[in-house]
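Here are a few exercises to work through with the model open in your viewer. Try each task before you read its solution.

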Amino acid sequence: MQQLFFMIRINHFDELRSMIGPERAAAVQRQVFNVVRSVCRSSDKVLPCHRDECGAIAWVSDPDDGSLLADRIQERVRSQVFDAGDGFEFGLTCSIGFSANPAPGADPDQVLWIRTVKLARSAVESASRCPDDAWVGHSRRERSNPTAMSATTAMRSAKQ
């Protein structure tokens with residue numbers, strides 16, 4: 001099992017907040033959080049939105065499952081109609097960055113989590129520079145020797 005940390009960024013959130021106001025934007029953040037929560041398993045931890053981002057910690061059995069979860073989150077956000085009240089309904093997209101905890105199967109310590117979060121932040125920054133609905137992920141794949149690890153970076157970008 002491998003632990004992945006996801007950063008989910010709501011695309012164009014600052015413009016949306018300027019247009020609908022901070023209270024309505026907060027309502028949209030809660031809806032995005034609920035969408036992410038509905039995609040993740042009950043054993044996963046979804047972290048509340050702060051500004052234009054929320055996070056998730058998920059356990060996966062295969063490093064490729066990170067890309068599958070990122071795709072599912074993006075599809076669910078893309079297909080959701082968000083309601084900010086008073087007739088303000090609209091669609092959103094999100095950019096996602098994720099990174100594996102550098103020590104799969106081990107108890108993570110603070111230093112490793114800091115590195116994991118920095119990699120996920122860098123990944124979401126890269127995804128945000130792509131067209132809407134991109135994700136970038138850093139995972140670690142075990143080789144035949146369980147102590148030998150290779151880092152894998154993947155990226156997907158889809159234009160609407």
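**Exercise 1.** How much area does the protein chain expose, and what share of it do carbon and sulfur atoms supply?

*Solution.* The protein chain exposes about 8,500 Å², with areas taken from the Shrake-Rupley method with a 1.4 Å probe, and for residues only the protein chains shown count as cover. Carbon and sulfur atoms supply 51% of that exposed area.

A word on the input: this is a predicted model, where local features need pLDDT of at least 70, side-chain atom pairs count only at pLDDT 80 or more, and totals for chains, interfaces and linings use all residues. Residues are numbered from 1 along each chain as its sequence is written, and side-chain values use heavy atoms, leaving out hydrogens and water.

**Exercise 2.** Work out the order of the elements along the protein chain.

*Solution.* Start with the tally: four helices and eight strands. These are DSSP runs numbered from the N terminus (helices H or I, at least four residues; strands E, at least two). Then read along from the N terminus: β-α-α-β-β-α-β-β-β-α-β-β.

**Exercise 3.** Is strand β1 (residues 2–10) buried or exposed, and what does it pair with?

*Solution.* First, burial (under 20% relative accessible area, 1.4 Å probe, protein chains only). Nine of the nine residues in β1 are buried, so the strand is largely enclosed by the rest of the structure. Both faces are covered, with L4 among the buried residues on one side and F5 among those on the other.

Next, pairing, which takes at least two DSSP bridges between two strands. β1 runs antiparallel to β3 (residues 53–60) over eight bridges, with Q2 opposite V60. β1 also pairs with β6 (residues 94–100) in the antiparallel sense, over seven bridges, and here L4 stands opposite A100.

Conventions. Buried means under 20% relative accessible area, exposed over 50%, partly exposed in between (1.4 Å probe, protein chains only).
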